[in-house]
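Let's take a walk through this one together. Have the sequence and the 3D view open side by side, and we'll go from the whole chain down to single residues.

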Amino acid sequence: MAEHAVVVAGGGPTGLMLAGELALAGVDVAIVERRASQKLPGSRAGGLHSRTIEVLDQRGIADRFLSEGQVVQVAAFGGTTLDISDFPTRHPYGLGLWQDHIERILAGWVDELEVPIYRGREVTGLAQDDTGVDVELSDGLALRADYLVGCDGGRSLVRKAAGIEFPGWEPTTSALLAEVEMAEEPELGIRRTPSGIHSLGKVEYEIRDGEVVYGEGGTVRVMVTEAHAGTTSEPTLSELSEGLIAVYGTDYGIHSPTWITRFTDMTRQAAAYRDRRVLLAGDAAHVHSPVGGQGLNIGVQDAVNLGWKLAQVVHRMAPESLLDTYHAERHPVAARVLRNTMAQVALMRPDDRIEALRDTVSELLSMDEPRKRFAAMMSGLDIHYDLGEGHPLLGRRMPDLDLVTPGGTVRVFTLLHAARPVLLNLGKPWGFDISRWADRVSAIEAEYAGEWELPALGQVAAPAAVLIRPDGYVAWVGDGTDAGLPDALTTWFGPVS
Ligand SMILES: Cc1cc2nc3c(=O)[nH]c(=O)nc-3n(C[C@H](O)[C@H](O)[C@H](O)COP(=O)(O)OP(=O)(O)OC[C@H]3O[C@@H](n4cnc5c(N)ncnc54)[C@H](O)[C@@H]3O)c2cc1C
């Protein structure tokens with residue numbers, strides 16, 4: 001029986017990111033992935049939001065994605081685009097890049113980190129005891145792990161086998177999504193009819209002056225809202241053709257589909273993200289309508305929240321209770337995404353009164369304050385983990401400042417590349433003895449003379465010191481003394497003797 005400290009079920013975006021985080025922390029981790037190769041049959045998610053780009057930047061890999069995608073304002077609510085170009089981030093935009101490419105780039109990173117992937121086989125069962133989890137695979141192989149993380153998508157076998165409830169709401173709307181060739185050049189763009197929203201676009205596109213520009217010919221991405229929700233059979237080309245004719249009066253001579261799928265606004269969330277030695281992340285923990293393009297993003301960010309915590313527990317540096325903070329922090333984030341997608345689906349309904357409401361919301365969102373609030377939510381830049389009362393930075397993302405250190409100018413995110421915590425002293429030298437945590441925390445003396453500005457919140461007072469977790473969130477803010485620092489170090493990075 002092969003043994004690993006952590007087995008990750010599913011090598012989609014969430015599983016790949018988690019495996020990378022664990023490998024960076026020196027954990028023996030392996031992925032089990034059903035697909036024989038990383039290739040996805042269709043395009044699926046369309047890109048990344050600002051906070052996800054930041055998270056990748058914290059590991060020094062954002063450029064790999066930026067160099068292949070199209071920078072564009074993607075944050076939107078209920079169809080209203082929310083420009084974040086004035087936001088205090090190095091990445092005040094989103095990135096148009098199909099999921100296939102996102103996964104390929106992530107898989108390349110995971111490969112460099114030498115994570116083994118058991119490909120072309122599934123996790124079919126699990127049994128956990130006090131010391132670990134037996135993981136059963138479809139080819140008869142058995143694995144033993146200290147921890148198993150289900151990153152195996154919305155139909156998660158791990159979630160079901162662990163007996164974790166998945167409460168939520170049944171679908172109210174359903175759409176066919178496909179990539180096809182067309183004999184005729186279609187009318188591209190969005191169309192609204194009494195049955196809902198439909199769209200025709202191309203898989204290949206460029207962004208010029210903020211606008212999507214398509215070339216001649218090429219694969220067409222079709223989205224047609226169905227008359228009723230609830231069909232569960234595999235969608236066919238003739239159903240798609242009928243759907244197109246009902247909306248456009250023609251099917252434009254569709255042929256050669258490479259991908260036809262059906263998606264709904266089913267909205268569900270795991271009641272618990274952890275059952276002893278089994279954890280859930282990504283779509284395995286939450287599913288919702290794709291409106292707003294948030295699913296992949298919060299899955300990747302679940303992974304970055306969990307990775308360093310699980311690594312410390314595996315290395316026996318921190319107690320198992322640290323894993324409970326994963327649910328405590330990430331469950332509310334996805335719950336809010338579930339709510340905002342439900343609100344957006346309701347706003348998109350084909351009804352004259354709803355259209356009037358949509359126009360009203362759009363007008364509100366054109367005002368500066370609401371735009372900033374909603375844009376910060378949709379781009380993931382406003383995430384605030386509840387770490388108690390205190391300075392506004394506490395529990396929020398650390399900005400990527402240019403710091404002056406004795407060794408030269410350095411960006412905060414560069415300090416996070418190794419996924420280790422950083423204690424940044426920005427005030428006078430204070431003589432705090434970090435030596436007991438020196439094996440796990442990097443202490444840096446730095447100067448920063450600029451302003452401190454947080455998305456949606458605006459300017460905040462400059463802190464004298466900050467303790468930054470490997471996921472880039474601030475765990476402690478100093479006022480010039482070390483009050484509370486030993487407690488924060490112990491809470492997040494384990495007790496020392
Ligand atoms: C039409 C559409 C558009 C979308 N647009 C966006 C968007 O613009 N932005 C965005 O952020 N999100 C978007 N999403 C959502 C996004 O695709 C998902 O949230 C994302 O793929 C979740 O990643 P994941 O790794 O958690 O799960 P998945 O991508 O589902 O990956 C799960 C992996 O586990 C494997 N697997 C499953 N079961 C097993 C098993 N038993 N054993 C081993 N392996 C297994 C699967 O093969 C798969 O590789 C969209 C989704 C759809 C359907």
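Helices and strands here are DSSP runs, numbered from the N terminus: a helix is H or I over at least four residues, and a strand is E over at least two. Before going further, keep in mind that this is a predicted model, where local features need pLDDT of at least 70, side-chain atom pairs count only at pLDDT 80 or more, and totals for chains, interfaces and linings use all residues. Residues are numbered from 1 along each chain as its sequence is written, and side-chain values use heavy atoms, with hydrogens and water left out.

Start with the whole protein chain. Its secondary structure comes to 12 helices and 31 strands. The chain's radius of gyration is 23 Å, close to the 23 Å that the globule rule gives for 497 residues, so the chain is as compact as a globular protein of that length. (That radius is taken over C-alpha atoms, and the rule is 2.2 Å times the number of residues to the power 0.38.) Along the principal axes, the C-alpha trace spans about 75 × 60 × 35 Å.

How much of the chain is buried? Of the 497 residues, 54% count as buried; buried means under 20% relative accessible area, exposed means over 50%, and partly exposed is in between, using a 1.4 Å probe and protein chains only. The chain exposes about 21300 Å², and carbon and sulfur atoms supply 51% of that. Those areas come from the Shrake-Rupley method with a 1.4 Å probe, and for residues only the protein chains shown count as cover.

Now for contacts, meaning heavy atoms within 4.5 Å. Among contacts between residues at least 6 apart in sequence, 70% join residues at least 24 apart. Val6 gives you a nice example to look at. It sits in strand 1 (residues 2–9) and counts as buried at 0% relative accessibility. Its C-alpha atom is separated by 5.8 Å from that of Leu148, 142 residues apart along the chain. Beyond four places in sequence, Val6 touches residues including Leu22, Ala30, Tyr147, Val149 and Leu310.

Next, find helix 2 (residues 50–57). Eight of its eight residues are buried, so helix 2 is largely enclosed by the rest of the structure. The buried residues include charged-type names you might not expect on such a list, among them Arg51, Glu54 and Asp57.Glu54 then leads you to Thr89, in the loop between strand 6 (80–81) and strand 7 (94–96). The side chain of Thr89 makes a polar contact with the side chain of Glu54 at 2.7 Å. A polar contact is a pair of N or O atoms within 3.5 Å; within protein, one must be able to donate a hydrogen and the other to accept it, and residues adjacent in sequence count only if both atoms are side-chain atoms. Leaving aside neighbours within four places in sequence, Thr89 is also in contact with Ser50, Leu381 and Arg397. Thr89 is buried, with a relative accessible area of 13%.

Thr225 is another threonine to click on, in strand 18 (residues 220–225). Its relative accessible area is 13%, so Thr225 is buried. A polar atom of its side chain lies 2.4 Å from the backbone oxygen of Ile197. Setting aside neighbours within four places in sequence, the contacts of Thr225 include Thr173, Ser195 and His198.

Two helices are worth a stop as well. In helix 7 (residues 295–314) you'll find Asn305, buried with a relative accessible area of 0%. The side chain of Asn305 makes a polar contact with that of Lys309, at 2.7 Å. In general, an α-helix has 3.6 residues a turn, so residues three or four places apart point the same way. Farther along the sequence, Asn305 is in contact with residues including Tyr326, Arg330 and Asp471. In helix 6 (residues 237–248) is Ser241, which counts as buried at 15% relative accessibility. Not counting neighbours within four places in sequence, Ser241 is in contact with Asp251 and Ile254.

Last, two loop residues. Glu114 lies between helix 4 (99–112) and strand 8 (117–119). Is Glu114 buried or exposed? At a relative accessible area of 68%, Glu114 is exposed. Glu114 has a positive phi of about 60° although it is not a glycine. Arg276, in the loop between strand 21 (274–275) and strand 22 (278–280), has a positive phi of about 50° and is not a glycine either.
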